[in-house]
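Here is a walk through the backbone oddities, the sheet and the helix packing of one protein chain. Keep the sequence and the 3D view open as you read.

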Amino acid sequence: MPLEGGRKVAFSQRAVPDNASSPPELEALSVGNFSLAVLKEKRFGKMKAQFEKEQSASGEFQRQVDAFRDWISSDGATGYPAVADRYHLYISLACPWASRTLIARKLLGLEKVIGLTVVDPLRDERGWAFRDPNSDSTRGASSQEPFASTDAINGFHFLAEAYRLTDPNFDGRVTIPALWDKVTKKIVNNCEDDICRMFNDAFRGLAQNKEIDLFPRDIAAEQERLSDFIYDKINNGVYKAGFTTRQHVYELACKQLFDALDQLEERLARSRYLFGTRIVETDWRLFCTLIRFDVVYYIHFKCSLRRILDYHNLQGYLIDLYQHDGIAETVNFDHIKRHYYMTHGAINPSRIVPIGPILDLTREHGRARLDAG
């Protein structure tokens with residue numbers, strides 16, 4: 001199967017209207033190798049989507065576009081110069097998109113240049129919140145965690161406050177990451193792709209680890225193509241499966257997801273990383289989904305054909321990246337599990353958090369044998 005990319009789609013206001021015409025009372029759905037007749041929506045009520053404004057009439061999850069796309073430049077030509085201690089990054093340790101920006105900040109050595117605040121993993125109807133990190137595990141972050149969930153920069157209680165200050169007319173879903181400008185007092189950018197690129201390029205002169213290049217020029221075209229493919233089929237693919245309200249849409253999303261994983265499993269049989277011996281941003285975007293897969297997506301999003309543990313090369317690759325200097329400290333399974341299982345009420349109304357699975361990410365991965373490329 002050829003690699004086919006895809007990007008975020010326009011923010012959709014569409015949802016299935018209450019007065020929409022209904023198909024027949026009974027619909028045969030394919031489940032495994034047998035058919036199951038299920039009562040249609042009009043008898044039991046319409047299946048509630050997790051994010052109704054991002055649900056198409058056919059039940060597909062259509063992620064909203066990022067609202068803020070201003071650009072930081074090394075020379076300040078864009079109006080946002082790359083200077084130390086001006087910008088502050090708001091993230092969630094649960095979110096794969098935000099975690100990718102945290103990893104880029106860590107690898108490039110920008111911790112003293114760009115500040116960081118982690119939101120609480122539990123999100124309710126008010127959105128991402130900042131809460132006392134010393135509260136108990138049912139209401140806030142653990143006191144043993146290195147990241148505080150209080151906002152020392154602006155004193156916000158909710159990230160929505162930053163969105164309202166940036167655009168009083170914003171009416172979409174408040175997302176992370178968000179890169180805040182302390183001078184203009186607004187969000188510069190809330191697109192993880194842009195933020196990683198700006199950290200790598202615009203802030204290179206301020207980076208402690210200047211030898212790190214997450215976007216090498218000599219593979220730019222191929223890297224962009226593979227990144228688009230991974231985003232569409234895998235990063236966002238798990239959400240397409242998990243957030244749909246229709247059986248056939250779920251099955252299609254899962255098929256595309258596992259077809260893509262199969263392709264990467266084959267690619268990684270020949271190469272230690274996605275592009276030989278170099279670790280680039282594309283590796284980290286894949287890592288952020290793989291590290292959550294068996295813990296959340298396999299169970300919670302029903303992406304259950306196989307675990308990553310069942311893939312020899314992908315599992316070894318995941319362990320290899322996890323053991324890379326500084327990466328383990330960017331991964332917080334407590335935040336990940338509590339966020340997904342306790343926040344997505346439409347998917348998990350009981351809000352019970354599974355106690356497993358047990359993962360061993362410290363064992364020998366065996367990937368060094370592929371260093372020759």
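R351 sits in the segment after α10 (333-343). Helices and strands here are DSSP runs, numbered from the N terminus: H or I over at least four residues for a helix, E over at least two for a strand. Phi of R351 is near 60°, a positive value in a residue other than glycine. With a relative accessible area of 42%, R351 is partly exposed. That label covers whatever falls between buried (under 20% relative accessible area) and exposed (over 50%), using a 1.4 Å probe and protein chains only.

Before going further, note that this is a predicted model: local features need pLDDT of at least 70, side-chain atom pairs count only at pLDDT 80 or more, and totals for chains, interfaces and linings use all residues. Residues are numbered from 1 along each chain as its sequence is written, and side-chain values use heavy atoms, with hydrogens and water left out.

D85 also has a positive phi, near 65°. D85 lies in the loop between α1 (41-44) and β3, and at a relative accessible area of 55% D85 is exposed. Most residues other than glycine have a negative phi, and most peptide bonds are trans. On the peptide-bond side, there are cis bonds to look at:

| Cis peptide bond | Omega | Place of the proline |
|---|---|---|
| I176 and P177 | about 5° | P177: loop between α3 (160-166) and β5 |
| G356 and P357 | about 0° | P357: segment after α10 |

Now the sheet. Four strands form an open sheet in the order β4-β3-β5-β6, with mixed pairing; two strands pair if DSSP finds at least two bridges between them. Which strands stand at the edges? They are β4 (115-118) and β6 (186-189), each with a single partner strand, so one side of each is left without a neighbour in the sheet. On average, neighbouring strands of this sheet are turned by 35° against each other, direction ignored. Strands β3 (residues 87-91) and β5 (residues 178-181) run antiparallel and are joined by four bridges; the partner of Y90 in β5 is A178.

In strand β4 you'll find V118, which counts as buried at 1% relative accessibility. The C-alpha atoms of V118 and S92 are separated by 5.3 Å, although the two residues are 26 apart along the chain.

Is helix α4 (residues 192-200) mostly covered or mostly open? Mostly covered: eight of its nine residues are buried, including I195, C196, M198 and F199. The cover over these buried residues includes β3, α2 (96-108), β5, β6 and α8 (281-297).

For helix packing, try α5 (residues 220-235) and α7 (residues 247-267), which meet at an angle of about 140° with their axes 8 Å apart. That makes α5 oblique to α7. Axes are lines fitted to C-alpha atoms, for helices over the stretch in contact, and angles run from 0 to 180 degrees between N-to-C directions; under 35 degrees counts as roughly parallel, over 145 as roughly antiparallel, 65 to 115 as roughly perpendicular and the rest as oblique. Among the residues in contact (heavy atoms within 4.5 Å) are L226, F229 and I230 of α5 and L257, L261 and L264 of α7.

Zooming out, the protein chain has 10 helices and six strands, and 53% of its 373 residues count as buried.
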